[in-house]
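I opened my notebook to look up two things in this structure, its enclosed spaces and its sheet.

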Amino acid sequence: MRYDFMTLARQGGRALATGRARIYADRIPYDFDRLPIRKVLNAGLAAASIRFKTSRALGWPMHLMVEPSAHCNLTCALCPVTAGLNRPQGHMELSLFKNLIDEIGHYLFTLLLWDWGEPFVNQAIYDMISHARTKGIKTISSTNGHLFALQDHADAVIRAGLDTLIFAVDGATQATYERYRQGGELARALDGIRMVVARKRALGSDVPFVNFRFIVMRHNEHEVPVLEELARSLGVNALTLKTLNPASQDPYSANREAVKHDDFLPRDRRFWRFRGNSMDARVRRRDNPCKHPWYHPAVHWNGTVCSCTYDPQEKYPLGDLRESSFREIWNGEPYRKLRRQFREDWNRIPLCGECSYAYEGGDCSHETIAEAVFFPEAAIRT
């Protein structure tokens, strides 16, 4: 989500006057109509917290990441799930999710239903989506697509009303696909896309917006020229080319140096996330632009609250929703301490000092998508 203080202030003024707002995630626009005043005012408070880096957040989160499951049906290279999370794995219970959304959902603009793991191996995710939508939240999720080759999953996600479904497909042939998506079948992932697109048409639904996601890496960058034609033939709404983040997929991994210097980095500099002549010569930011501690937390399947997605091992847990309410955690001492440390010297926090945001080009809010192509003809006509 792209935000700075002045942008939020201008958007807040327009939203108060019109009840409307538009935000972007991965270059995809999300429009809000008839916004409740409390949601607009909360956005203003969040903007003030970000601007002054307060230790106590003045508002509640505007965006939320929730991990429906820490399990996955693939073993993708560079993923902490494959390397081993070193924490319990399971599925989030629907009751835990509902309690969280009932508590803070009226302030949220977007809900990202993924973190580490394949979200749709948790059958409760469809009820999660439906419940979140009752609060006026835009819901977004990401999948490797294999389960959606089954019609019941495709119908369930459409009827639940998910706003955007990202299909992570990082190869145009099986050979390139399985280099990263280990254990996966490209044909099945593409069948999953076709099934969702076909069932949207059959059910006369505009959602989910289908985003064909391609992480550009050394072994697949030669396929970039054919992707637009492939994506269009599948009937998706958009194609997004994402940059690889080999530096901080897991800052605590035992094989971090191997990951940092591996051969996944593309040769084409257009698809480098970080500025510099090499991974070792990345340009470090003077000021870290991350705003997550004030408006975008992550919640793992078991209720552990973290500051963001870049704490897959829960090295910096900030609270447990099974023991405390989110409101108690959000301005509890661990969260306030983290915000103070970030304000005073973010480089001294390992989680932040080696994060994507710490380097030029690594702002995950708006710099990680190298290209986006939209296909208006894919819209459902009802």
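My entries on the cavities come before those on the sheet.

I note that this is a predicted model, in which local features need pLDDT of at least 70 and side-chain atom pairs count only at pLDDT 80 or more, while totals for chains, interfaces and linings use all residues. Residues are numbered from 1 along each chain as its sequence is written, and side-chain values use heavy atoms, with hydrogens and water left out.

**Cavities.** I looked for cavities (sets of points on a 1 Å grid over the protein atoms alone where a 1.4 Å probe fits but cannot get out), and I found three of 30 Å³ or more. The largest holds about 1100 Å³, a volume being the space filled by probe spheres set on the points, joined across faces, edges and corners. Its lining (residues with an atom within 4 Å of a point) has 47 residues, and Met65, Trp114, Asp115, Lys242 and Thr309 lie nearest the centre. The second largest cavity has about 80 Å³, and its lining includes Cys290, Phe342 and Cys355.

**Sheet.** I then followed an open sheet of 10 strands with mixed pairing, in the order β11-β10-β9-β3-β4-β5-β6-β7-β8-β12; strands here are DSSP runs of E with at least two residues, and two of them pair if DSSP finds at least two bridges between them. The edge strands, each pairing on one side only, are β11 (319-320) and β12 (369-374). Strand β3 (residues 63-66) pairs with β9 (residues 298-299) in the parallel sense over two bridges, and Val66 stands opposite Val299 in β9.

Note on methods:
1 Å grid on protein atoms, 1.4 Å probe; cavity = no way out; pocket = protein on both sides within 12 Å on 5 of 7 lines; lining within 4 Å. Helix = DSSP H or I, 4+ residues; strand = E, 2+ residues; numbered from the N terminus.
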